[in-house]
Amino acid sequence: MFGNELKRDIKTTKGVKKASVILSVLFFLFFAQELSAQKKIVISGFVRDSLTAEPLVGVVVADARMYGTVTNDYGFFSVTVSEGTTELFFTHLGYKDKIYEVRTDSNTEQDIRLVPSSIEIEAVEVEAKKERYVTTGKGGSMTVNSEMLKYIPSFMGEKDIFKYLQMMPGVQPGKEGSSGLNIRGGSADQTLILLDDVPIYNSAHAFGFVSIFSGDYIRSAKLYKGYVPPEYGGRLSGVATMTIREGNRNRHTGSVQVGTTTLSALAEGPIAKGRGSYLVGGRYFLPDLFLRAASVFMSKKNSSYTTIGFYDITAKAGYDISNKTSLHAGIYTGRDAINYITHDMVSSQDNGEMVSHYRSGLSWGNVAASLRLRSEINDKCFFDMTAYYSLLKNRNASDYDDSEGIVFGSETTSRMDEAGVKAVFSHNAARFCV
C-alpha cells in the first residue's frame, strides 16, 4: 500500500514537472515574441522650410499614438518608434501638415521639408478659443516662432521683436516707447539678453526707443520669465534669447526698405546650393542724414546744430561640412552717436574778428561675434559648441579751436570685453504625449 502511494506521488511529481516545462516553453516563446514585437528604431533628422531651406523651430513630430517630440533651435528632431510601418505627423504654424510613412527595420535619418500655407477665408468668425502663436514651455518659458514674427507690432515702421515680447504676461515695457524688458518687477539691466548665445549689454538704439534686433533678421525668440535653465547661470530677472536666420539656401534675394525713421537693406542666398547660405543686413537712422545735410547750408559763424543717429550691421553664414556637422559664423556691430557743434564769432578790441569752433560728442555701441560648430553625434545626441566675443564701448570727446590758434581737446573712453566658449550636449531620453 505504501509502495502504491509512493508510485502515485512520483507520477504526480513527474506530471507537475512536465506541465512546468510546457508552461516555461510557452512563456519563453511568448516573451521572445514580445521582445521581437517591441524592437524600437530611432528616426532623426532636420525639418526645413521647402522654399528657403531655413531650419524650423518648434515643429511637432508625433506618431499615430500622438507620442513624439519637437524640433530644437536648429530644426533637429529624434523620435523612437516601434519596428514596422509607422506614420509620423509633422505640424507647424503657417505650414501644411505632413505625414511621413516609415517602412524600415533600422535607424534612419530624414530631411523633412514643410510647405508654407496660407488660408483664404470669406468671413471671420471670432471665438473664445484662439490659436497659440506662442509656445509655453516648462518653467514659464515662451517661444515665439518665425511665422508670428511677421505680425509683430511696429514702432514708427520698425519691426521690433522687443515690442512683441513686452506684451507677454509678466513683462513690463518700462518707460513708454522704450525697448527694455522688465520681467516680474525686475529692471531692464537684470535681464540677460543673448544673440546667438552671445551676451548683449546694450540692447537699444536711440536711448531705448528702438531695439537693436530687427524682425527681418530674427528667426526665433525665447523668453524665460520664471525658471532659468542652469546653462544660463543665476539671473535676477529673466533671460531672452534671439536666433538670427541662416539665410535662403535655394536662391539669392534682396530688399531695400525706406521707413519713417530708418533705411534698411537685406541680402541673402546660397553659398553652395543646398549646403550653405549667407545673410547680410543693415539699418541707418534717416534723420541723421537730413541733419547733416542741413548743417552744410548753415552759417559757419554764430550758429550751432546737433546731429543724432545710429546704424547697425548684421551678418551670418553657415556651411554643412557633412550631413551631420555644420559650421556657422555670425557678427553684429552697431553704433549710436550724438554730436553738438557750435560756431561763434566775436569782435576783438582792434575791430578784428575771432571765430571759434566747439564740438562735443557722445557715442556708444556693441560688437558681438560668434563661431558655432554643431553636430549630430548619433540618432539621439546633439552637440553644439560656440566660441563668442562681446564688446561694449562708450566714447565721450570734445575739442575747441579758434582763429587765434588756441586748440585743446579731451577724450574719455570706456569699454567692456567678454570672450568665452560654450558647449552643450542634448540627449533625447524619452518621448512625451503631445
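Arg395 is partly exposed, with 33% relative accessible area; that label covers anything between buried (under 20%) and exposed (over 50%), using a 1.4 Å probe and protein chains only. It's a handy way into this predicted model, where local features need pLDDT of at least 70, side-chain atom pairs count only at pLDDT 80 or more, and totals for chains, interfaces and linings use all residues. Residues are numbered from 1 along each chain as its sequence is written, and side-chain values use heavy atoms, with hydrogens and water left out.

**The big picture**

- The protein has three helices and 28 strands; both are DSSP runs numbered from the N terminus, helices being H or I with at least four residues and strands E with at least two.
- Out of 434 residues, 42% count as buried.
- About 24,000 Å² of the protein is exposed, and carbon and sulfur atoms supply 58% of that; accessible areas come from the Shrake-Rupley method with a 1.4 Å probe, and for residues only the protein chains shown count as cover.
- Take the contacts between residues at least 6 apart in sequence: 62% of them join residues at least 24 apart, where contact means heavy atoms within 4.5 Å.

**Salt bridges**

- Back to Arg395: its side chain meets that of Glu411 in a salt bridge, 3.0 Å from N to O. Arg395 sits in strand β26 (residues 381-402) and Glu411 in strand β27, so the pair ties together parts 16 residues apart in sequence.
- Across the whole structure, a search turns up 19 salt bridges, each being a side-chain nitrogen of Lys or Arg within 4 Å of a carboxyl oxygen of Asp or Glu.
- Asp197 and Lys422 make another one, with their closest N and O atoms 3.7 Å apart. This pair links distant parts of the chain, 225 residues apart: Asp197 is in the loop between β14 (191-195) and β15 (198-199), while Lys422 is in strand β27 (residues 407-427).
- Both ends of that bridge are tucked away: Asp197 is buried at 19% relative accessible area, and Lys422 is buried at 17%.
- Asp197 and Lys422 also belong to a network with Glu231, Arg372 and Asp384, joined by salt bridges that share partners.
- Arg249 and Glu246 form a salt bridge too, at 3.9 Å from N to O, and both residues are buried.

**Nonpolar cores**

- The largest nonpolar core holds 28 residues, and Phe162, Leu195, Phe213, Leu223 and Met242 touch the most other members. A core here is a set of buried Ala, Val, Leu, Ile, Met, Phe, Trp, Tyr and Cys residues joined through side-chain atoms within 4.5 Å.
- At least two residues of this core come from each of β9 (141-144), α2 (161-165), β14, β18 (218-224) and β19 (238-244). The most generous is α2, which gives four residues.
- Leaving aside neighbours within four places in sequence, Met242 has contacts that include Phe162, Leu195 and Phe213.
- A second, separate core has 16 residues, among them Val47, Phe77, Tyr100 and Ile112.

**Aromatic pairs**

- There are ten aromatic pairs in the whole structure. Rings of Phe, Tyr and Trp (its six-membered ring) pair if their centres lie within 6.5 Å; planes under 30 degrees apart count as stacked, over 60 as edge-to-face and the rest as tilted.
- Phe46 and Phe382 pair edge-to-face, at 6.5 Å centre to centre with 65° between the planes. Phe46 is in strand β1 (residues 40-49) and Phe382 in strand β26, so this pair ties together parts 336 residues apart in sequence.
- Both Phe46 and Phe382 are buried, and ring pairs link them with Tyr74 and Phe76 into a cluster.
- Tyr400 and Phe408 make a stacked pair, 5.1 Å centre to centre with 25° between the planes. Tyr400 is buried, at 18% relative accessible area.

**Nonpolar residues on the outside**

- Ile271, Tyr319, Ile321, Leu327 and Leu371 form a nonpolar surface patch with about 450 Å² of accessible area together. Patches are made of residues with over 30% relative accessible area and no salt bridge, joining like charges within 9 Å and nonpolar side chains (Val, Leu, Ile, Met, Phe, Trp, Tyr) within 5 Å.
- Leu371, in strand β25 (residues 353-376), counts as partly exposed at 45% relative accessibility.
- Phe425 is in strand β27 and counts as exposed, at 56% relative accessibility.
- Beyond neighbours within four places in sequence, Phe425 is in contact with Ile377, Cys381, Phe382 and Phe383. The C-alpha atoms of Phe425 and Ile377 are separated by 9.4 Å, although the two residues are 48 apart along the chain.
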